[in-house]
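Open the model in a viewer and keep the sequence panel visible. The stops below go from one selection to the next.

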Amino acid sequence: MAFDAINSTLSCTVEYSNALADCSYFHRGCHYLHVSVVRSNQVAYKDPRTWTPCLYQSHCRKMPSVAPYHHNSDNESESGSEGHVEQTDGNNPGIPDNEVEEIGPNDFPRYFDEVDGRLFHSSPTSPYPLPVDAPEQQRLKAFNNLIHQLIGAHYLGPVPNILARDPNRQAQVLDLCTGTGTWLMEIASDFPSVLFTGIDIVPIATRYPRPNVNFEVWDITEEFRWRAATFDFVHARSISWSVRDYAAILPEVIRVMRPGGLYLSGELDNAVFFHPDTPQASNPGLHAPASTLFFQVVNAALQSRGIDPSVNQIVTHLQNTGAFSNIEQIIFPIPIGRWHDDPRRQELGTMLQAILWRFADSVKPMLRHAGHPQAYIDGLVQNFGDEMDTTHGLFGAYHVVQAIRS
Ligand SMILES: C[S@@+](CC[C@H](N)C(=O)[O-])C[C@H]1O[C@@H](n2cnc3c(N)ncnc32)[C@H](O)[C@@H]1O
């Protein structure tokens with residue numbers, strides 16, 4: 001494991017616990033109430049399942065009865081298409097105005113299911129087991145902050161070069177399973193001339209994105225609506241729990257990527273570790289029994305839902321496509337808890353501990369669904385929390401994989 005990967009110049013000043021979800025209308029008890037008229041250039045959510053009339057007719061566009069662009073192979077070039085669309089929203093040149101319509105306020109409830117006081121997605125096909133409500137949104141934002149602090153940027157790899165390589169064409173970025181869209185909004189401010197699109201099965205991103213950002217509701221296991229070779233950069237962070245078959249989404253990703261484009265994956269390992277030079281490393285189950293058991297139980301529950309908990313497979317999946325070159329994996333160790341001597345790493349560890357604590361709360365419904373008694377789950381989570389507080393040398397691992405589309 002690349003334990004030296006943490007940049008010693010990191011600074012950690014984010015107080016993520018103060019982060020507020022800006023999608024409070026999804027929070028139990030007050031969802032939808034804050035939604036008012038939305039201008040058509042502010043957000044364009046696409047519902048892959050049903051197309052009910054939008055409340056604000058003047059702001060809606062009808063769905064076409066025609067097939068998506070990429071079915072029309074006569075009109076596109078697999079390798080040379082620029083991904084441009086002819087009919088567009090004048091304010092948002094990336095959106096073909098005959099393919100997206102806004103979700104009206106009354107349509108929002110259809111995307112959510114409330115179970116035992118938590119809000120989940122309502123997709124009948126996605127195996128994603130975590131809630132998507134305000135506490136989870138705060139966790140996602142905190143994790144976004146943590147990764148930004150860890151890496152020192154919103155990306156790894158030659159992103160500025162890739163986005164600037166063709167001055168005659170607007171570069172485009174796709175964020176798979178965008179969630180709150182925080183990453184997308186932040187990187188979009190660094191590249192104002194680039195068009196950013198985030199897709200998710202639930203509309204939990206801000207309804208007021210930057211002018212160069214679109215959010216759309218879309219299932220990543222479905223065929224995409226974009227032409228071949230549309231995107232210069234595809235970002236896929238924490239998506240492994242969203243699909244049963246990671247490899248199966250790659251052909252569509254490859255199709256919509258431009259040759260020379262970057263695929264960037266980031267996944268937190270579903271396990272804890274010790275530094276390889278320490279005696280504890282050979283047997284984490286002995287030295288961190290509660291954390292090890294917690295992740296074993298979580299991983300078994302994931303497997304019972306058909307989700308592969310091993311994040312190490314992503315490199316292999318990308319290699320197996322034969323469509324990527326320069327595939328590289330970097331594993332960033334992140335301390336868990338306050339034990340590290342280095343103040344910056346101590347700060348990272350404090351952040352990760354709090355994120356994992358909230359994460360543990362969010363996996364409880366999945367563990368209940370897997371058949372574990374509530375008392376067992378509560379004990380499992382409490383012991384995990386206690387161990388994070390007291391175990392010197394405990395690490396999590398963040399796996400980054402970057403690959404260039406051949
Ligand atoms: C752990 S969150 C990651 C969010 C974001 N990528 C980030 O790093 O903050 C996973 C997201 O995947 C979404 N999701 C689950 N299944 C999906 C699917 N089949 N298609 C698109 N999004 C999906 C969930 O709604 C959730 O917002």
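**Helix packing, hairpin and ligand shell**

α8 and α9 are roughly antiparallel to each other, because their angle falls in the class over 145 degrees (under 35 counts as roughly parallel, 65 to 115 as roughly perpendicular and the rest as oblique). This is a predicted model, in which local features need pLDDT of at least 70 and side-chain atom pairs count only at pLDDT 80 or more, while totals for chains, interfaces and linings use all residues. Residues are numbered from 1 along each chain as its sequence is written. Helices (H or I, at least four residues) and strands (E, at least two) are DSSP runs, numbered from the N terminus.

Stay with α8 and α9. Their axes come within 10 Å and cross at roughly 165 degrees; axes are lines fitted to C-alpha atoms, for helices over the stretch in contact, and angles run from 0 to 180 degrees between N-to-C directions. The crossing of α8 and α9 is right-handed (the near helix is turned clockwise from the far one by less than a right angle; anticlockwise would be left-handed). For the contact (C-beta atoms, placed from the backbone, within 7 Å), select residues including Trp-357, Ala-360 and Lys-364 of α8 and Ile-377, Val-381 and Phe-384 of α9. By class, the contact of α8 with α9 has eight nonpolar, three polar and three charged residues. Here Ala, Val, Leu, Ile, Met, Phe, Trp, Tyr, Cys and Pro count as nonpolar, Asp, Glu, Lys and Arg as charged, and the others, Gly among them, as polar.

Next, keep α9 (residues 374–390) and add α6 (residues 289–304): they pack at an angle of about 135 degrees, with their axes 8 Å apart. That angle makes α6 oblique to α9, and their crossing is left-handed. Among the residues in this contact are Phe-294 and Val-297 of α6 and Leu-380 and Phe-384 of α9.

Return to α8 (residues 343–369) and select α1 (residues 134–151). The two pack at about 155 degrees with axes 10 Å apart, which makes α1 roughly antiparallel to α8. The crossing of α1 and α8 is left-handed. Phe-143 and Leu-146 are among the α1 residues that meet α8, where Ile-355 and Phe-359 are included.

α1 also leads to the ligand: α1 and β6 (195–200) each supply at least two residues of the shell around it. Which residues come nearest to the ligand? Of the 20 around it (C-beta atom, placed from the backbone, within 6 Å), they are Ser-126, Tyr-128, Cys-177, Gly-179 and Ser-242. By class, the shell has nine nonpolar, eight polar and three charged residues.

Last, select β3 (residues 112–115) and β4 (residues 118–121), which pair in the antiparallel sense over four bridges (strands pair if DSSP finds at least two bridges between them). Asp-113 has Phe-120 in β4 as its bridge partner. The two strands form a hairpin with two residues between them, and Asp-116 in the turn has a positive phi of about 50 degrees.

Key: Contact = placed C-beta atoms within 7 Å.
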